[in-house]
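Here is a quick tour for anyone opening this structure for the first time. Have a look around, then read on.

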Amino acid sequence: MSATSTHFRGKVAVVTGAGSGIGRALAVDLAGRGARLALSDVDPTGLAETVRQAEALGAEVRTDHLDVGEREAVFAYAEAVQEQFAAVNIVFNNAGISFSGEVEVSEFKDMERIMDVDYWGVVNGTKAFLPHLIASGDGHVVNTSSLFGLLAMPSQSAYNAAKFAVRGFTESLRQEMLIDGRPVKVSCVHPGGIKTNIVRNGTAAAGTDNAAVAALFDAKLARTTATEAARVILRGVEKGHARILVGADAKVLDVLVRITGSGYQRVITAVAPRIMPRRTSGL
Ligand SMILES: NC(=O)c1ccc[n+]([C@@H]2O[C@H](COP(=O)([O-])OP(=O)(O)OC[C@H]3O[C@@H](n4cnc5c(N)ncnc54)[C@H](O)[C@@H]3O)[C@@H](O)[C@H]2O)c1
């Protein structure tokens, strides 16, 4: 995207999970491009820092404490944002959490929490804002899935399920908007490993050492900065891409899955046990 692009200038952009990582980077980048921002998170301290950075760039910012899993709150929030700005153009359903644990030892409460935030949070944000995006005449839904919405990994069943679900939901919505001639573009974002707090702040099943998983993620798997991720995402949004892959790892593994079909699982089954932390109990 050229530095002189005016695509986001004056647009009203909603970013959930804006208090850290990719959400913060999106907010700051959008602020620099002249967007008007509605930023939310469950972490007030992280959100305040994002707001500080966005306002320093001259952006108009609305800020809210919002748990994307709380459906009624998300719908009330969408009404309030619409009322304040008189239009909503882009919704980044970005908020998400991580969880590591094999199926045999994962508890339902942890698996359900992942679905509540990572899948239902996206559905809540999409449905709450969709009427306003349509009414704007120039809307865009940007839902964050993952590289793990394109391929599955051991110990990631709950996260995989949520992120595959986001992808299916989002791709279906895109087709509906096109068939019905709605003025709403739809993009699904699939980041590879991005240097954020997601794993460090995540949870794990009993017997899985989340600190060790986070150390592996930080040292080896997270190769792209959040700032670079935001730049790639906004370029994809500006171009209206259906699928936005972030990072070389996402691009390479996407090709592997498309070439091998289910055969990619043999590769992962061979490689994953060599690099993933050993469980201390459980299986
Ligand atoms: N970092 C990666 O490698 C990576 C890879 C693929 C996909 N993603 C996805 O990108 C998105 C952003 O993640 P990130 O890496 O920036 O993580 P992050 O932990 O740095 O930021 C996530 C933010 O979401 C907020 N949040 C958590 N639960 C929430 C809830 N219920 N309601 C509202 N906000 C909530 C957190 O407080 C945090 O500020 C997530 O959907 C994540 O699954 C990240």
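## Two helices crossing

Start with α3 and α4, which cross each other in a right-handed way. In this predicted model, α3 covers residues 71–85, and its axis sits 9 Å from that of α4, at an angle of about 35°. Those are the two numbers to look for, because two packed helices are described by the angle between their axes and the distance between the axes.

Which residues make the contact? From α3 come Arg71, Val74, Phe75, Tyr77, Ala78, Glu79, Val81 and Gln82. The α4 side brings Trp120, Asn124, Gly125, Lys127, Ala128, Phe129 and His132. Sort the residues of this contact by kind and you get eight nonpolar, four polar and three charged.

## A bridge between distant parts

Now for the charged pairs: there are 13 salt bridges in the structure. One of them joins the side chains of lysine 11 and aspartate 138, with N and O 3.4 Å apart. This pair ties together distant parts of the chain, 127 residues apart. Lysine 11 lies in the segment before β1 (12–15), while aspartate 138 is in the loop between α4 (108–136) and β6 (139–144).

Is lysine 11 buried or exposed? Its relative accessibility is 13%, so lysine 11 counts as buried, the cut-off being under 20%. Aspartate 138 has a relative accessible area of 34%, so this partner is partly exposed.

## A buried pair

Next, find arginine 33 and aspartate 29. Their side chains form a salt bridge too, at 2.6 Å from N to O. Buried or exposed? Both arginine 33 and aspartate 29 are buried.

## A bridge that belongs to a network

Finally, head to arginine 243, which makes a salt bridge with aspartate 254; their closest N and O atoms are 3.6 Å apart. Here, too, distant parts of the chain are linked: arginine 243 is in strand β11 (residues 243–246) and aspartate 254 in helix α8 (residues 248–260), with their positions eleven residues apart in the numbering.

The two partners sit in unlike surroundings. Arginine 243 counts as partly exposed because its relative accessibility is 29%. Aspartate 254 has a relative accessible area of 5%, so that residue is buried. The pair isn't on its own, either: Arg167, Glu171, Arg243, Asp254 and Arg258 are joined into one network by salt bridges that share partners.

Key: Residues numbered from 1 in each chain as written. Predicted model: local features only at pLDDT ≥ 70, side-chain atom pairs only at ≥ 80, totals over all residues. Heavy atoms only, no water. Salt bridge = Lys/Arg side-chain N within 4 Å of Asp/Glu carboxyl O. Helix = DSSP H or I, 4+ residues; strand = E, 2+ residues; numbered from the N terminus. Buried < 20%, exposed > 50% of the residue type's maximum accessible area, 1.4 Å probe, protein only. Axes fitted to C-alpha atoms, helices over the stretch in contact; angles between N-to-C directions. Left-handed = near helix turned anticlockwise from the far one by under 90°. Contact = heavy atoms within 4.5 Å. Nonpolar A, V, L, I, M, F, W, Y, C, P; charged D, E, K, R; others polar.
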